[in-house]
Amino acid sequence: DITRWEEKKMLWLVTLFLTLSLAKDSLLSHRYPENWPKTRPDITGWFDVPAVRAPLKQAPNWMEQRWDSISNLTLKELTLPGTHDSGSWSVTDELTGVPVWLDEMILAADYLGVEVSDIIKGWSISQNHNFFDQLSFGIRYVDLRVVFDTNTSVWRTHHGIVLGTDIEVLFQETRQFLQKYPKEVIVLELSHDWSTTEQDKASLLTLINQYLGSYLWPKSKGFVPISEMVAAGKTVLLSLTFGNEVDGIWPADTIINSYANSPDLSQMEKFNEQKAQEFAAKPPGPKNLFKISWTLTPDVETILEMVLPGYPHTLLQLADIANKDLTTWYNTKIVPHNYTYPILGNILIIDHYDASSILDIVYRGLP
């Protein structure tokens, strides 16, 4: 039996639930920002992953083609084109936690009449192509964020809390490329490696050794001309936060990261202009590579503004804003300084690389 008070409480809760359900649209409409249009915009194609906008130039062996001018250089004397969050060309609906801006994403999804997962995935996909294609189009630095998925007991890529591809597939693609193009040198950075046990970590090291072990350049030999790496058949520099007892695993601090952490184009450009100046004035130590990030990072305002026509609705669209200005920025802010090559760090990374001029910029600076 229940008391009269419990009966009243249950009735009140049921009434509240029904009231909220029936009045959902009305209640949410009062929470929408004032600058949101009163009429929902046509969102056709807003969340589609864009196709390649122009025929990409295949550049699978661009290092070999420039062998006479670069074979005597070390990785510290080159600028390699790279992709940011390289594994997030494919993401799933599976999450490892709660999105940082969940409330704003729910609000935007409700307003636009789409699933919250559409919003989350739209701000998680940063590339268009798998690893083999990225490498075939000239990318030589790979940013691989990895996590051990306890549900499937496999290591997978992730972008924040969003799970992606089984990394064994990515290692297979990388080895396939290396076998086909033995004179191309790759830097592979594994980071954000969320794991809980030594056993999980050991399984990742086993995968690395299985697919890439014979290609790993040992840290005990340091940075040497890439011709020596190629002659030894060890054309991959791989860094990881653990496993450094293995000579082929370079420590995580090998690569010095820098990024503006802003969605504002002007702020990002000023930040990277400063980083280029710092790199020219004082290159990193003998055991380090320096990375410059031509990337815009969304914040809560970016999420709220995504419902407005003319604003970026996905991470790829945000990247396009930066990518369109890369060549102009380089010509006006970097070229006049006459910096000695390498100019934009040892690694220059970008989102939505196939809609950018990153390869042209890297080629222009080569000796």
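Me: In this predicted model, how many of the residues in the protein chain are buried, and what makes a residue count as buried?
Reply: Of the 367 residues in the protein chain, 51% are buried, and a residue earns that word when its relative accessible area is under 20%.

Me: Why is strand E10 called largely enclosed?
Reply: Strand E10 covers residues 289-294, and 6 of its 6 residues are buried, so the strand is largely enclosed by the rest of the structure. Each of these residues therefore falls under the 20% cut-off for relative accessible area.

Me: Which residues of E10 point one way, and which the other way?
Reply: Leu289, Lys291 and Ser293 point one way, while Phe290, Ile292 and Trp294 point the other way, and all are buried. In a regular strand, side chains alternate between the two faces of the sheet.

Me: What makes E9 and E10 a pair of strands?
Reply: Pairing requires at least two bridges between the strands, and strand E9 (residues 255-256) is joined to E10 by 2 bridges, therefore the two count as paired. They run parallel, and Ile256 has Phe290 as its bridge partner in E10.

Me: How do you know that E10 also pairs with E11, and in which sense?
Reply: There are 4 bridges between E10 and strand E11 (residues 347-350), and the pairing is in the parallel sense; since at least two bridges are required, the two strands qualify as a pair. Within this pairing, the bridge partner of Ile292 in E11 is Leu348.

Me: How many helices and strands does the protein chain have?
Reply: Its secondary structure comes to 15 helices and 11 strands.

Key: Residues are numbered from 1 along each chain as its sequence is written. This is a predicted model: local features need pLDDT of at least 70, side-chain atom pairs count only at pLDDT 80 or more; totals for chains, interfaces and linings use all residues. Side-chain values use heavy atoms; hydrogens and water are left out. Buried means under 20% relative accessible area, exposed over 50%, partly exposed in between (1.4 Å probe, protein chains only).
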